[in-house]
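Hi,

Here is the structure I promised to pass on. Have a look at it first, and then read my notes below.

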Amino acid sequence: MHRLKENYADSIAFFRQEFGSMVFTAGWAFAGIVVLSFVGSILFPEQADGIVEQFAQMLLQSGMSDESGNIVFSALLINNLFAMLMAIAYGLIPFIRLPALTLGVNGATLGLFAGYYVHKNIPLWKYLVAVLPHGIFELVALVLSVAAGLYLCRAVSAALLKKQKGAVRAAIGRCGQTMVLWILPLVIVAAVIESYVTPALFQAVL
């Protein structure tokens with residue numbers, strides 16, 4: 001337990017000294033993408049609705065939901081953890097900041113779905129009920145993952161330019177620490193809520 005407390009204290013210090021600025025930048029960028037995609041879906045409703053319907057079909061085929069539309073917890077958890085790990089792993093590719101793509105895709109999806117509800121004359125607060133309970137945890141995990149990927153990308157890029165291999169090893173360690181201490185617990189909580197709590201809340205407001 002003492003060792004765990006030390007790890008969290010070290011992680012918090014890392015956030016304050018180096019990582020926090022990236023997290024805040026990623027968070028604001030994500031919010032901006034959500035707003036822009038929502039506005040775009042209002043301006044181009046037919047195209048936005050087509051994208052949403054294709055995404056819903058992909059979700060069904062992914063195995064994260066059964067034939068009745070119920071979320072499969074294990075499949076959801078594995079899928080989300082894999083997505084977070086990939087957002088970090090993209091940072092191993094130098095210079096192009098590929099983790100930002102994950103941020104853009106997820107932000108655009110949220111905005112498009114909000115627009116879809118508007119087009120179908122469904123109150124937007126119902127969409128928030130369907131998203132916010134688990135989304136609070138999952139979106140924080142996403143932003144942390146993307147920020148970690150960008151942090152890793154910066155370290156890899158700097159190492160190639162300055163030939164500082166030790167910096168990459170240290171950055172990977174920091175990303176692993178962030179994954180285990182923060183992202184993993186958030187993803188687990190989000191999956192539990194999305195699988196068992198959100199469906200009940202959504203049914204209650206229909």
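To start with, in which helix do Glu6 and Arg3 both lie, and how many residues apart are they? The answer is helix 1, which covers residues 2-43, and the two are three residues apart, about one turn of the helix. Before I go on, please keep in mind that this is a predicted model.

**Salt bridges**

There are two salt bridges in the structure. Glu6 and Arg3 make one of them, with their side chains meeting at 3.6 Å, N to O. Glu6 is partly exposed at 38% relative accessibility, while Arg3 is exposed, at 57%.

Asp10 also forms a salt bridge, with Arg174, and here the closest N and O atoms are 2.7 Å apart. Asp10 sits in helix 1 and Arg174 in helix 6, so this pair ties together parts of the chain that are 164 residues apart in sequence. Asp10 is partly exposed, with a relative accessible area of 33%, and Arg174 is partly exposed too, with 22%.

**The whole chain**

Stepping back, you'll find six helices and zero strands in the protein chain, so reading along the sequence gives you the pattern α-α-α-α-α-α. The radius of gyration is 18 Å, close to the 17 Å that the globule rule gives for 206 residues, so the chain is as compact as a globular protein of that length. If you'd like a feel for the dimensions, the C-alpha trace spans about 55 × 40 × 30 Å along its principal axes.

Buried residues make up 36% of the 206 residues. The chain exposes about 11,800 Å², and carbon and sulfur atoms supply 69% of that. Now take the contacts with a separation of 6 or more: residues 24 or more positions apart account for 79% of them.

**A buried charge**

Next, find Glu138, which has its place in helix 5 (residues 124-162). Glu138 is buried yet has no salt bridge. The nearest side chain of opposite charge belongs to Lys126, and that one is 22 Å away. What does Glu138 touch, then, if you don't count residues up to four places away in sequence? The list is Asn80, Met84, Ala190 and Glu194.

Ala190 deserves a look of its own. You'll find Ala190 in helix 6 (residues 165-205), and Ala190 is buried, with a relative accessible area of 0%. Leaving out residues up to four places away in sequence, Ala190 touches His134, Phe137 and Glu138. You can also try picking out Phe82: Ala190 and Phe82 are 108 residues apart in sequence, and their C-alpha atoms are 14 Å apart in space.

**Aromatic rings**

Last topic! The structure holds seven aromatic pairs. One to try yourself is Phe15 with Phe24: their ring centres are 6.0 Å apart and their planes are at 70°, so this pair is edge-to-face. The cut-off behind that label is planes over 60 degrees apart. Is Phe24 buried or exposed? Phe24 counts as exposed, at 52% relative accessibility, whereas Phe15 is partly exposed, with 30%. There is also an aromatic cluster to look for, formed by Phe14, Phe19 and Tyr151.

Have fun clicking around!

Key:
Residues are numbered from 1 along each chain as its sequence is written. This is a predicted model: local features need pLDDT of at least 70, side-chain atom pairs count only at pLDDT 80 or more; totals for chains, interfaces and linings use all residues. Side-chain values use heavy atoms; hydrogens and water are left out. Rings of Phe, Tyr and Trp (its six-membered ring) pair if their centres lie within 6.5 Å; planes under 30 degrees apart count as stacked, over 60 as edge-to-face and the rest as tilted. Buried means under 20% relative accessible area, exposed over 50%, partly exposed in between (1.4 Å probe, protein chains only). Helices (H or I, at least four residues) and strands (E, at least two) are DSSP runs, numbered from the N terminus. Lys and Arg count as positive and Asp and Glu as negative; His and the chain ends are not counted. A salt bridge is a side-chain nitrogen of Lys or Arg within 4 Å of a carboxyl oxygen of Asp or Glu. Contact means heavy atoms within 4.5 Å. The radius of gyration is taken over C-alpha atoms; the globule rule is 2.2 Å times the number of residues to the power 0.38. Accessible areas come from the Shrake-Rupley method with a 1.4 Å probe; for residues, only the protein chains shown count as cover.
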